[in-house]
Amino acid sequence: MKPPFIHELVLGLSGRSYPITIGYNFLGSLNEVCPFIAGRNAVIISNSTVSDLYLSSVTSSLEKTNTNYIAINLPEGEKEKKLSNVELIVSKMLEKNLDRSTVIIALGGGVIGDIAGFVASVYQRGIDFIQVPTTLLSQVDSSVGGKTGVNHFLGKNMIGSFYQPKAVVIDIKTLDTLNEREFSAGAAEIIKYGCIRDIRFFEWLEENSMSIMSKSLEHLAYAIRRSCEIKSSIVEQDERESGIRAILNFGHTFGHAIESGVGYGNWLHGEAISAGMVLASRLSQKLDLLEEDEVGRIKSLLKSMNLPVDAPKS
């Protein structure tokens, strides 16, 4: 399979369905993928690293449709996922007299997507936003499903809302510039989907983990698409996590405790979730819900993608 290519899924929610478009090297065509942007004011929320790489592609696409825009860069890191940055963004938008027709574009990883989505949910009681995830973790998980929010010093994601984007635009080319540690962290969420929902996908990951880690375009495209399909199907059944959507939190109870315990940012989210999935699996084994060899397979797959399987000793 040679780029460019396009896959389009639809996350179906009554009256609020939206497309998830997966392709390669097409950020310069964002105006075509999201034609509803044309003629509106846009706010691009990102960080300096991502902006240096991809902002020009996004802005060039907006300029094709005479879309006015401003760009706001936040500092990098999980520690920046806080209310003060929400206030900073809102203040800049109010200073520009931006109204409810404005659309927010979240250009970055999970932190940017969560903050931008939360701002969109509260600015003048709700405006449109687009997720343009640039990390593997955000492409397969945080950009899909409508969870937005920021952290509180007493807990992760304690301030937020369920608020669906207008579209999710996944350009796999952005993974070319992702470092190995961040890439592996995203792979943890891909493995999670195989564990919770699709044994055949889990087996496919076991067979193709090396190809994924070497960033084979064909294998990456399938892994991302299948992950989005699984998450979409679960969110369609249970948007606000009152039932089945809780399975998406496999490993997250332990993982969030690890993140909080070592300090946000010292372990990447996917690294903490990896160790958390092993802890959850061991607990399931003690409850006679998993066999020892099944726990071993989960650990082996995580290890094959350079992920930690042991919680920090401290």
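**Group meeting: strands inside, charges outside**

Okay, let's begin out at the surface, with Asp-288, which is exposed, at a relative accessible area of 70%. Keep in mind as we go that this is a predicted model. Asp-288 sits in the loop that runs between helix 10 and helix 11. Its backbone is a bit of an oddity too: phi of Asp-288 is near 60 degrees, so to speak on the positive side, and this is a residue other than glycine.

What kind of surface patch does Asp-288 help to form? A negative one, together with Glu-291, Glu-292, Asp-293 and Glu-294. Glu-291 also belongs to the loop between helix 10, residues 269–286, and helix 11, residues 292–304.

While we're on positive phi values, have a look at Arg-125. Phi of Arg-125 is near 65 degrees, again a positive value in a residue other than glycine. You'll find Arg-125 in the loop between helix 4, residues 110–122, and strand 6. Is Arg-125 buried or exposed? Exposed, with a relative accessible area of 79%.

Right, now let's go inside, to the strands. Start with strand 3, residues 41–47: 6 of its 7 residues are buried, so the rest of the structure largely encloses it. On one pairing, strand 3 runs parallel to strand 4, residues 68–74, and 7 bridges join them. If you want a spot to click on, Ala-42 stands opposite Tyr-69 of strand 4.

Strand 4 is also where Ile-72 is found. Ile-72 is buried, with a relative accessible area of just 3%. Pick Val-43 as well and you get a nice pair: Ile-72 and Val-43 are 29 residues apart in sequence, yet their C-alphas are 7.3 Å apart in space.

Strand 3 has another pairing, with strand 5, also parallel, this time over 4 bridges. Here the bridge partner of Ile-45 is Ala-106 in strand 5.

And how many residues of strand 5, residues 103–108, are buried? 6 of the 6, so strand 5 is largely enclosed by the rest of the structure. Strand 5 then pairs with strand 6, residues 128–133, in the parallel sense over 6 bridges. To see one of the contacts, look at Gly-108, whose bridge partner in strand 6 is Pro-133.

So, to recap with the model open: strand 3 pairs in parallel with strand 4 and with strand 5, and strand 5 does so with strand 6. Out on the surface, you have the negative patch that includes Asp-288 and Glu-291. That's it from me.

Methods. Residues numbered from 1 in each chain as written. Predicted model: local features only at pLDDT ≥ 70, side-chain atom pairs only at ≥ 80, totals over all residues. Heavy atoms only, no water. Patch = residues over 30% accessible without salt bridge, like charges linked within 9 Å, V, L, I, M, F, W, Y side chains within 5 Å. Areas by Shrake-Rupley, 256 points an atom, 1.4 Å probe, with all protein chains shown as cover. Salt bridge = Lys/Arg side-chain N within 4 Å of Asp/Glu carboxyl O. Lys, Arg positive; Asp, Glu negative; His and termini not counted. Charge placed at Lys NZ, Arg CZ, Asp CG, Glu CD. Helix = DSSP H or I, 4+ residues; strand = E, 2+ residues; numbered from the N terminus. Buried < 20%, exposed > 50% of the residue type's maximum accessible area, 1.4 Å probe, protein only. Pairing = 2+ DSSP bridges.
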